[in-house]
Amino acid sequence: MGKVDGFLLYPRKNAAWKDPMERIQNFDEFKLPLPPKAQREQAARCMNCGVPFCQSGMKLNGMFTGCPLHNLIPEWNDMLYLGNTRHALDRLLKTNCFPEFTGRVCPALCEAACTCGMNGESVSVHDNELAIIETAYESGWMQPKPPRVRSGRRVAIVGSGPSGLAAAWMLNHRGHTVTVYERSDRPGGLLMYGIPNMKLDKQIIARRLKLMEEEGVSFITGVEVGTDVDAASLQKDYDAVLLCCGAGQPRDLKLPGRDAEGIHFAVDFLTAATKQVLGTGKAIDAKGKKAVIVGGGDTGNDCVGTCIRMGCASVTQLEMMPKPSETRTADNPWPEWPKVLKTDYGQQEAIAVFGHDPRLFETTVSEILKDDAGHIRGLKLVSLKGRDVVPGSEQEIDCDLLLIAAGFVGCQKTVPEAFGVNLGARGTVDAGEDYKTNVPGVFAAGDMRRGQSLVVWGISEGRNAAREIDRFLMGYTEM
């Protein structure tokens with residue numbers, strides 16, 4: 001522990017964000033890193049607890065708290081404070097393949113469990129992690145490290161989201177020959193097209209993919225397994241196959257008027273927006289539109305921020321759940337995940353542009369209204385109390401762009417049907433703790449196995465699946 005009283009001397013200081021009215025002018029990342037000295041002071045706040053809940057990773061009262069990757073947080077905070085960033089990097093990469101991703105988009109389950117947060121403000125673990133990995137890239141430490149010896153075993157990974165990339169990274173470093181198949185035009189999956197550029201610049205993904213290719217991982221894009229490539233041929237040509245296709249089946253709205261034009265799933269909207277930013281496609285334009293987003297989660301917030309950058313006339317975000325408390329309640333003590341109100345970047349921007357929070361809590365759509373041409377013109381809304389509609393609460397609002405960000409109901413069926421793997425009740429691939437499916441040699445991981453989740457969980461799933469695949473191929477594993 002470098003600074004015994006650091007948590008008493010230094011108040012928490014987050015990396016700054018650009019002013020909302022400035023950052024909405026483009027799709028660039030808007031987070032401004034702290035100067036090195038200030039970042040070291042933030043790392044000095046880590047107390048190196050006897051029981052570091054931040055890295056423990058556990059479920060409490062039905063919610064997960066602490067890092068799912070069990071990152072060695074006190075160790076690399078100590079090294080960062082002491083100025084030994086190279087050693088901090090070694091400890092960070094021991095458990096996390098891609099800290100440049102989690103350092104940008106993870107909701108920081110670790111910080112929720114930080115002991116400093118019991119009576120004050122938690123350590124800024126999220127920012128410290130990002131500072132370490134970005135210093136590593138800037139300093140030239142992130143060089144390709146291909147395995148010295150190849151095992152002679154070949155693994156096909158279907159899907160290149162967080163779990164697929166993590167598994168590829170692990171298996172390649174173990175010495176297996178890895179080929180990743182991706183149906184989109186670029187690898188990255190959720191990272192590339194599910195997360196807007198202002199949260200995760202696509203150059204950051206390209207930087208990591210280049211490093212993986214230099215280490216020996218092969219990527220084949222624009223190919224859908226089960227349609228363009230026969231599943232049986234993959235099983236014949238490879239010693240193991242890992243399915244990491246995500247939970248890409250969006251939850252729809254079964255409402256009168258659903259057939260109206262101007263209704264899109266959030267994933268399609270965000271994908272098109274990113275393709276336009278990259279110059280490879282055309283966005284579903286929200287300019288001048290009265291946009292409504294169904295869904296109060298992170299994806300809904302991303303849609304709010306994207307609509308504002310496109311110049312929407314208004315934006316409303318519907319959330320079925322009650323408005324959370326602004327502080328922890330008595331039945332939500334530390335170190336549980338704090339069920340408190342979070343006003344994220346998109347909502348902040350809506351407040352700056354339109355003068356009010358875009359969210360309507362305990363509200364849902366009862367009917368979609370169409371004009372004579374069949375285009376959406378408005379919505380009938382109702383208020384909720386629990387799952388019940390409040391009598392007399394009906395209201396109409398204008399809407400000519402409706403985005404559905406209501407989550408997902410499992411994986412798309414093309415790949416599972418092609419391989420003949422079983423699906424569970426949640427619409428995800430039925431694979432156990434060993435990540436094996438009912439088909440010998442075929443494994444599944446990530447959202448495709450556990451359902452819609454976080455990037456950090458995808459990385460954890462990919463790492464764990466890689467370990468089981470290595471055991472399957474070699475008869476043992478040291479991963």
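**Figure 1. Helices H6 and H9 cross with a left-handed sense.** In this predicted model, helix H6 covers residues 85–93 and helix H9 covers residues 125–138. The two pack at an angle of about 110°, and their axes are 9 Å apart. That angle makes H6 roughly perpendicular to H9. On the H6 side, look for Thr85, Ala88, Leu89, Leu92 and Leu93; their partners on H9 are Glu129, Ile132, Ile133, Thr135 and Ala136. Sorted by character, the residues of this contact are 7 nonpolar, 2 polar and 1 charged.

**Figure 2. Helices H10 and H19 form a right-handed crossing.** Here helix H10 (residues 162–174) packs against helix H19 (residues 455–474) at an angle of about 40°, with 7 Å between their axes. H10 is therefore oblique to H19. H10 brings Pro162, Ser163, Ala166, Ala167, Trp169, Met170, Leu171 and Arg174 to the contact. From H19 come Val455, Gly458, Ile459, Gly462, Arg463, Ala466, Ile469, Asp470 and Met474. By class, the contact of H10 with H19 holds 11 nonpolar, 3 polar and 3 charged residues.

**Figure 3. Leu242 sits in the largest nonpolar core.** This core has 69 residues, and Phe98, Ile157 and Leu242 are those with the most contacts inside it. A second core lies apart from it and has 21 residues, among them Val223, Ala231, Phe419 and Val442. To follow Leu242 on your screen, start with its contacts to Ala156, Ile157, Val158 and Ala167, which are among the residues it touches beyond four places away in sequence. Leu242 also touches Phe443, Ala444, Ala445, Ala465 and Ile469.

**Figure 4. Gly103 is a buried glycine within helix H7.** Helix H7 spans residues 99–105. Gly103 counts as buried because its relative accessibility is 0%, and buried means under 20%. Leaving aside residues up to four places away in sequence, Gly103 touches Lys31, His126, Glu129 and Leu130. Another residue to pick out in this view is Val456: Gly103 and Val456 are 353 residues apart in sequence, and their C-alpha atoms are 9.8 Å apart in space.

**Figure 5. A cis peptide bond links Trp334 to Pro335.** Most peptide bonds are trans, so this one is worth a closer look. For the bond from Trp334 to Pro335, omega is near 5°. Pro335 belongs to the loop between strand E11 (314–319) and helix H16 (345–354).

**Figure 6. Asn61 and Glu362 each have a positive phi without being glycine.** Most residues other than glycine have a negative phi. Asn61 has a phi of about 55°, and its place is the loop between strand E3 (58–60) and strand E4 (63–65). With 54% relative accessibility, Asn61 counts as exposed, since the cut-off for exposed is over 50%. For Glu362, phi is near 50°. Glu362 is in the loop that joins strand E12 (359–361) and strand E13 (363–370). Its relative accessibility is 23%, so Glu362 counts as partly exposed.

Definitions and conventions: Residues numbered from 1 in each chain as written. Predicted model: local features only at pLDDT ≥ 70, side-chain atom pairs only at ≥ 80, totals over all residues. Heavy atoms only, no water. Core = buried A, V, L, I, M, F, W, Y, C linked by side-chain atoms within 4.5 Å. Buried < 20%, exposed > 50% of the residue type's maximum accessible area, 1.4 Å probe, protein only. Contact = heavy atoms within 4.5 Å. Helix = DSSP H or I, 4+ residues; strand = E, 2+ residues; numbered from the N terminus. Axes fitted to C-alpha atoms, helices over the stretch in contact; angles between N-to-C directions. Parallel < 35°, antiparallel > 145°, perpendicular 65-115°, else oblique. Left-handed = near helix turned anticlockwise from the far one by under 90°. Nonpolar A, V, L, I, M, F, W, Y, C, P; charged D, E, K, R; others polar.
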